[in-house]
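This report describes how the parts of one protein model are arranged. Please look over the sequence and the structure before reading on.

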Amino acid sequence: MEKITSFTINHLKLEPGIYVSRVDHYGDAAITTFDLRMTAPNREPVMNTAEVHTIEHLGATYLRNDPDWKDRIVYFGPMGCRTGFYLLLAGELTSKEIVPLVTRMYEFIRDFEGAVPGAAPRDCGNYLDQNLGMAKYLAKRYLDHTLYGITEDHLVYPE
């Protein structure tokens with residue numbers, strides 16, 4: 001079997017950032033998959049499932065309510081390695097084009113107060129596995145260390 005593209009990225013050089021993971025075409029439609037990398041793989045601790053779950057709930061809620069982007073959101077969810085998230089958007093897009101959207105989403109997570117949307121037994125299959133405090137901390141860390149002042153090195157995968 002061929003190695004899939006995401007396994008060909010040098011994770012020893014990969015830093016937190018926003019990367020185009022792939023662009024798929026279905027007839028006239030394109031879907032861009034973004035790698036929202038929050039931690040340096042194999043060098044920093046991975047995120048725990050509770051905060052990943054909270055970021056997923058808050059991020060998906062924000063994205064699907066964003067007035068400019070909601071109709072282009074295909075999917076937002078965690079990577080199995082727990083170092084970041086995948087964001088799938090309709091259209092062929094660059095990392096730079098979505099920096100404002102991703103920044104607003106993480107600001108929403110950082111500043112969120114109250115009950116986590118969908119964190120109830122009727123709405124979620126594992127509603128107790130949430131950690132809002134750590135989700136907010138990680139969102140702030142990603143904003144401060146990566147998104148605010150992001151450079152080209154954090155928008156294009158390393159060689």
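The text below goes through the sheet, the helices and a few residues with positive phi.

The model is a predicted one.

**The sheet**

Four strands form an open sheet in the order E1-E2-E4-E3, and their pairing is antiparallel. E1 and E3 (73-78) are the edge strands, since each of them pairs on one side only. From one strand to the next, the twist averages 15°. H1 packs on this sheet and touches E3 and E4. The direction of H1 makes about 165° with that of E3.

Strands of a sheet pair through backbone hydrogen bonds, either parallel or antiparallel. Strand E2, residues 29-37, has pairing described here with two partners. With E1 (residues 17-26), E2 runs antiparallel and is joined by 9 bridges. With E4 (residues 84-90), E2 pairs over 7 bridges, also in the antiparallel sense. E2 is mostly covered, as 8 of its 9 residues are buried.

Individual residues of E2 can be matched to residues in the neighbouring strands, as the table shows.

| Residue in E2 | Residue opposite | Strand of the opposite residue |
|---|---|---|
| Ala30 | His25 | E1 |
| Thr32 | Leu89 | E4 |
| Asp35 | Tyr86 | E4 |

E1 and E2 also form a hairpin, with 2 residues between them. Gly27 lies in the turn and has a positive phi of about 60°.

**Helix H3 and its surroundings**

Helix H3 spans residues 132-147. Which of its residues are buried? They are Ala135, Lys136, Leu138, Ala139, Tyr142, Leu143, Thr146 and Leu147. These residues lie on the same side of H3, because they cover an arc of only 165° around the axis. An α-helix has 3.6 residues a turn, so residues three or four places apart point the same way. The buried residues of H3 pack against two strands, E1 and E2, and against two helices, H1 (49-63) and H2 (95-111).

At the N-terminal end, H3 is capped by Asn131. A side-chain oxygen of Asn131 lies 3.4 Å from the backbone nitrogen of Gly133. After H3 comes Gly149, with a positive phi near 80°.

**How H1 meets H3**

Two packed helices are described by the angle between their axes and the distance between the axes. For H1 and H3, the angle is about 75° and the axes are 8 Å apart. H1 is therefore roughly perpendicular to H3. On the H1 side, the contact is made by Glu51, Thr54, Ile55 and Leu58. On the H3 side, Leu132, Met134, Ala135 and Leu138 take part. Ala135 and Leu138 are also among the buried residues of H3.

**Positive phi outside glycine**

Most residues other than glycine have a negative phi, and most peptide bonds are trans. Asn42 has a positive phi, near 65°. Asn42 is placed in the loop between E2 and H1. Is Asn42 buried or exposed? With a relative accessible area of 65%, Asn42 is exposed, because the exposed class begins over 50%.

Arg82 also has a positive phi near 65° and is a residue other than glycine. The loop that holds Arg82 runs between E3 and E4. Arg82 has 29% relative accessibility and therefore counts as partly exposed.

Notes: Residues numbered from 1 in each chain as written. Predicted model: local features only at pLDDT ≥ 70, side-chain atom pairs only at ≥ 80, totals over all residues. Heavy atoms only, no water. Buried < 20%, exposed > 50% of the residue type's maximum accessible area, 1.4 Å probe, protein only. Pairing = 2+ DSSP bridges. Arc of directions from axis to C-beta. Contact = heavy atoms within 4.5 Å. Polar contact = N/O pair within 3.5 Å; in protein donor to acceptor, adjacent residues only side chain to side chain. Axes fitted to C-alpha atoms, helices over the stretch in contact; angles between N-to-C directions. Parallel < 35°, antiparallel > 145°, perpendicular 65-115°, else oblique.
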